[in-house]
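Trainee: Before we look at this together, could you take me through the reasoning behind the labels, setting each value against its definition?

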Amino acid sequence: MPNAPRTCLAALLKAYREPLAVEEVPLPQEIEPGAMLVKNDASSICGSDMHAWENPPPASMGIAVALPVVPGHEMMGRIADLGTVRHDSLGRPLKEGDRIIWSPGVCGRCFWCTVARRPSLCPNRRYFGVSSVRDYPHVTGAFAEYTYVFPGCGLVKVPDAVKDHWASAASCALRSVVHAFERLGTLREPEIVAVQGAGPIGLFSVAMAARSGAAQVIAIGAPADRLEVARKWGADYTISIDVPHPQRVEQVKELTGGLGADVVIEGSGASTAFIEGVELVRRGGRYLVIGQVGPGSVNFLPANVVGKELDIIGSLSGNVSDYYKALCFLDNNRERFDFDAMFPNRYKLRDIHCAFVAMHELRDIKPVITYGT
Ligand SMILES: [Zn+2]
Ligand SMILES: [Zn+2]
């Protein structure tokens with residue numbers, strides 16, 4: 001890589017629950033065939049980054065983290081070194097300077113890639129922000145000036161009208177919701193959708209449910225300013241989690257003729273929300289679970305699944321097609337939804353700990369890290 005910088009500024013997770021350290025770290029001086037180096041314009045903090053900051057991922061995720069690591073997996077950047085890559089995953093030509101988002105690399109030669117056709121479950125998936133910064137290619141996470149894009153990653157060019165920070169959020173939060181809606185299948189008129197959580201997953205779920213033909217959308221969450229965004233993004237009713245649990249369930253029952261919601265979407269990440277979601281969904285309904293990536297466990301009565309004939313649908317991450325559709329959703333609905341309402345604040349990389357604290361304390365919906373002067 002001619003004239004390539006040898007180092008860049010990055011945030012490092014050195015020990016769980018300790019503030020990220022912002023330091024100069026090495027950049028890869030060799031780009032493998034099929035890999036790229038991207039200079040980030042925007043990175044955003046995902047709810048799962050909060051879990052990843054506090055604890056190693058649960059064993060069920062199949063992800064091994066090697067500290068110290070550049071964490072984070074939501075980012076949008078411009079191609080700094082194209083390597084041998086010439087096209088994105090849709091065959092569109094790429095050049096250095098193009099804006100891009102990318103999916104984890106999958107192997108394309110395992111049972112889940114080829115037979116089950118569920119690449120989001122590929123056990124050989126190469127995740128971002130999990131390998132040690134000491135090891136080549138050093139910068140694989142989002143919270144750095146540059147990020148290395150592995151060979152085999154899905155690559156999607158960002159449409160001009162999609163802002164940097166929107167595209168960054170599309171690279172996890174929104175693509176996860178797009179993938180979950182693919183797992184859910186069609187909303188059938190006149191289905192009522194209840195969404196648990198008013199963070200990024202919950203709010204994007206509200207917007208997508210509203211655009212996917214839900215007869216009514218009920219958003220359950222907090223704080224009040226997020227519920228206000230939910231109403232602007234298509235929620236017909238909002239219920240604060242300050243309302244105690246039995247009354248919340250009763251309110252949903254009242255709004256659904258005593259039945260419960262046809263579809264409930266779990267986007268809160270709180271393990272206790274799972275129990276409540278099973279109460280909120282009507283008999284014979286569908287429960288779409290997206291946010292449960294933390295280590296919390298709950299007491300659950302499996303007879304409820306049988307007694308209500310529930311379809312419980314888990315959804316993990318997304319495939320490159322979901323990244324593309326997420327960008328299309330932003331592009332096609334930019335006049336309809338004020339997407340900027342999700343991103344009230346910008347932070348410099350050096351202030352990333354403030355951004356984490358602001359998200360943890362629910363003062364910020366989705367903090368955005370920006371680079372440059
Ligand atoms: Zn994420
Ligand atoms: Zn595979």
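**Pairing and burial in the sheet**

Mentor: Let us start from one pair of residues in this predicted model: Gln-196 has Glu-266 in E11 as its bridge partner.

Trainee: What makes E8 and strand E11 a pair?

Mentor: Two strands pair if DSSP finds at least two bridges between them; E8 and strand E11 (residues 261–266) have 4 bridges in the parallel sense, so the definition of a pair is met.

Trainee: How do you know that E8 and E9 pair?

Mentor: The argument rests on 5 bridges between E8 and E9, again in the parallel sense, and at Val-193 the residue standing opposite in E9 is Val-217. Strand E9 (residues 216–221) in turn pairs with E10 over 4 bridges, where Ile-220 has Ile-239 as its bridge partner.

Trainee: Why are E10 and E13 said to stand at the edges?

Mentor: The sheet is open, with 6 strands in the order E10-E9-E8-E11-E12-E13 and parallel pairing. Strand E10 (237–240) and strand E13 (311–314) each have a single partner strand, so one side of each lacks a neighbour in the sheet. From one strand to the next, the twist averages 15°.

Trainee: Why is strand E8 called mostly covered?

Mentor: A residue is buried if 20 or more other C-beta atoms lie within 10 Å of its own, and in strand E8 (residues 192–196) 5 of its 5 residues are buried, so the description holds. Ile-192, Ala-194 and Gln-196 point one way, Val-193 and Val-195 the other way, and all are buried.

Notes: Residues numbered from 1 in each chain as written. Chains lettered and ligands numbered in written order. Predicted model: local features only at pLDDT ≥ 70, side-chain atom pairs only at ≥ 80, totals over all residues. Helix = DSSP H or I, 4+ residues; strand = E, 2+ residues; numbered from the N terminus. Axes fitted to C-alpha atoms, helices over the stretch in contact; angles between N-to-C directions. Buried ≥ 20, exposed ≤ 12 C-beta atoms within 10 Å, placed from the backbone.
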